[in-house]
Amino acid sequence: MTDTQGLAAIIAEVPKAELHLHLEGSISPETVSLLGARRGVTIAPEAAASRYAYTDFTGFLEAFKWATGYLKAPEDYALITHRLADELVRQRVIYAEITVSVGVMERYGQNVEANFAAIDEVARRYRENGQLRIAWIFDATRQFGPNAAMKVAVHAAKFQKHGVVAFGIGGDELAVPTVNFRAAYDYARNQGLHVTMHAGEIGGPELVREAIDHLGAERIGHGIAVMRDPALADRLANLRVPLEICLTSNLRTGALARQTVKPGATLADHPLPQFVDRGVTVTLSTDDPAMFHTDLLSEYNHAVSLGLSKPQIAKIIESGFTTSFVAPEHKLPLLNQFRSSAKSLGLL
Ligand SMILES: [Zn+2]
C-alpha cells in the first residue's frame with residue numbers, strides 16, 4: 001500500500017464533520033426521477049443527469065432551481081434527508097451542519113414548519129441510534145433581498161430547539177449589497193444563533209471583509225477570493241474565522257477560473273495549500289455533492305493530491321469539529337471521538 005492509499009484509508013475510517021453541505025444539493029439524478037414520479041412527471045435519470053452538466057455559476061444556480069422545483073411536500077424533504085444521512089454515515093461523518101434553503105421554500109409558498117418537521121424527524125432517528133448528529137443552518141437567498149432574508153432568520157430562531165444552530169445567506173453574491181442584510185444578521189445573533197455567509201466565491205475579497213465587518217459572520221462559505229488579498233488572509237488567520245473550502249464545487253461552478261483569471265483552471269490552481277501555509281483555518285466540504293459528482297472522501301483525497309501533509313489533513317478534519325456551531329456539551333465528545341480514533345489509526 002502506498003502512503004497515499006494508506007492516508008485515503010485512514011481518511012475514510014476516521015470520524016469526520018461536514019459543515020458546508022446543502023440539503024437540496026444532495027439530490028441525485030435518480031432521486032429527482034423518483035420525486036418527479038411522485039407528481040406524475042416522468043424524468044429519466046439520464047435526462048436529470050444532463051441538467052447537472054453546467055459549466056458556470058449561473059448554470060449551476062439554474063440546475064439547483066430545477067432540482068429543488070421537484071420538492072413539493074414534507075415527504076419529499078424527508079426522502080432527501082434520509083438519503084443524505086445514509087450517505088454521510090457511509091463516509092463516517094459523525095456530525096454534519098446541513099444547510100436548508102428556507103428562502104426557497106418561502107419563495108415557493110411552502111409550509112416551512114411542516115417541511116422542517118419532516119426533515120428533523122429523520123435526523124432525530126439517526127441521532128438516537130448514535131450514528132450521526134445533524135444540526136441545521138437556515139439559508140436565505142441573497143438575490144431575494146433583505147425582507148425575505150429576515151423571514152428566514154425568524155424561522156431559524158423559532159426552530160433552535162430542533163437543532164437549528166445558524167442563519168446564513170447563499171445565492172448570487174453580486175446581487176444585493178452586504179450591508180443591506182445587517183438587520184437580519186443582528187436579529188439572528190440577538191436570538192442566539194450563529195451566523196455565516198457565502199462570500200468570496202465568485203465575488204471579490206471585499207465581500208468577505210464586508211461579511212465579517214458588517215454582519216459579524218463567524219465562518220465564510222468558500223472565501224477563495226481571499227487568495228487575492230494576503231492582508232485579509234492574515235486577518236482571517238488572526239481572527240480564526242475559517243473558510244469552508246469546497247474544492248470540486250469551485251472547479252465546477254467556474255469560481256476557481258474566475259478568481260484565478262485562468263479559464264482553464266484545474267484543482268492544481270486552488271489556493272487551499274496557500275491558505276494552510278498562511279495559517280488560515282480551513283475546513284473541507286462538498287457543498288452540493290450530487291450536483292458536483294463528489295463526496296467528502298473525494299474532497300479529502302483531492303486535498304492530499306494538492307500536496308497537503310498528513311498532519312495538515314488531520315488539522316483540517318479536526319477544524320471541522322472545533323469550528324462547528326454545535327453546543328459545547330456535544331462538541332467535546334465529538335472531538336474526543338475523532339481524536340481517539342485518529343490516534344489509533346496513526347493520523348495524530
Ligand atoms: Zn454553498
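Me: Starting at the N-terminal end, at what angle do the axes of helix α1 and helix α15 cross?
Reply: In this predicted model, the axes of helix α1 (residues 3–13) and helix α15 (residues 296–305) cross at roughly 145° and come within 10 Å. The crossing of these two helices is right-handed.

Me: Which residues make that contact?
Reply: On the α1 side the contact is made by Thr4, Leu7, Ala8, Ile11 and Ala12, and on the α15 side by Leu297, Tyr300, Asn301 and Val304. Sorted by type, the residues where α1 meets α15 are seven nonpolar and two polar, with no charged residue in the contact.

Me: Stepping back, how many helices and strands are there in the protein chain?
Reply: The protein chain has 17 helices and eight strands. Its radius of gyration is 19 Å, close to the 20 Å that the globule rule gives for 348 residues, so the chain is as compact as a globular protein of that length. Taken along the principal axes, the C-alpha atoms fill a box of roughly 50 × 45 × 40 Å.

Me: And what percentage of the residues is buried?
Reply: Buried residues account for 49% of the 348 in the protein chain. As for how the chain contacts itself, among contacts between residues at least 6 apart in sequence, 73% join residues at least 24 apart.

Me: Which residues of helix α2 are buried, and what covers them?
Reply: In helix α2 (residues 29–38) the buried residues are Pro29, Thr31, Val32, Ser33 and Leu35, and their cover includes α3 (45–51), α4 (57–68) and α5 (74–90). After α2 comes Gly40, which has a positive phi, near 75°.

Me: Different spot: how far apart are the axes of α8 and α9?
Reply: The axes of helix α8 (residues 146–158) and helix α9 (residues 182–190) are 8 Å apart, and the two helices pack at an angle of about 10°. They are therefore roughly parallel to each other.

Me: What residues of α8 and α9 meet there?
Reply: Pro146, Ala149, Met150, Ala153, Ala156 and Ala157 of α8 meet Ala183, Ala184, Tyr187 and Ala188 of α9. That contact of α8 with α9 consists of ten nonpolar residues, with no polar and no charged ones.

Me: Is Val179 buried or exposed?
Reply: Val179, which lies in the loop between β4 (164–170) and α9, is exposed, because it has 11 other C-beta atoms within 10 Å, and 12 or fewer is the cut-off for that class. Leaving aside residues up to four places away in sequence, Val179 touches Glu210 and His214.

Me: What separates the C-alpha atoms of Val179 and Arg278?
Reply: The C-alpha atoms of Val179 and Arg278 are separated by 28 Å, and the two residues are 99 residues apart along the chain.

Me: Now backbone angles: where is phi of Arg92, and where is phi of Asp287?
Reply: Phi of Arg92 is near 60° and phi of Asp287 is near 70°, each a positive value in a residue other than glycine. As background, most residues other than glycine have a negative phi.

Me: Where do Arg92 and Asp287 sit, and how does each count for burial?
Reply: Arg92 is in the loop between α5 and β2 (93–100), and with 17 C-beta neighbours inside 10 Å it counts as partly exposed. Asp287 is in the loop between β8 (282–284) and α15, and Asp287 counts as buried because it has 30 C-beta neighbours inside 10 Å.

Notes
Residues are numbered from 1 along each chain as its sequence is written. This is a predicted model: local features need pLDDT of at least 70, side-chain atom pairs count only at pLDDT 80 or more; totals for chains, interfaces and linings use all residues. Axes are lines fitted to C-alpha atoms, for helices over the stretch in contact, and angles run from 0 to 180 degrees between N-to-C directions. Helices (H or I, at least four residues) and strands (E, at least two) are DSSP runs, numbered from the N terminus. A crossing is left-handed if the near helix is turned anticlockwise from the far one by less than a right angle, and right-handed if clockwise. Two residues are in contact if their C-beta atoms, placed from the backbone, lie within 7 Å. Ala, Val, Leu, Ile, Met, Phe, Trp, Tyr, Cys and Pro count as nonpolar, Asp, Glu, Lys and Arg as charged, and the others, Gly among them, as polar. The radius of gyration is taken over C-alpha atoms; the globule rule is 2.2 Å times the number of residues to the power 0.38. A residue is buried if 20 or more other C-beta atoms lie within 10 Å of its own, exposed if 12 or fewer, and partly exposed in between; C-beta atoms are placed from the backbone. Angles under 35 degrees count as roughly parallel, over 145 as roughly antiparallel, 65 to 115 as roughly perpendicular and the rest as oblique.
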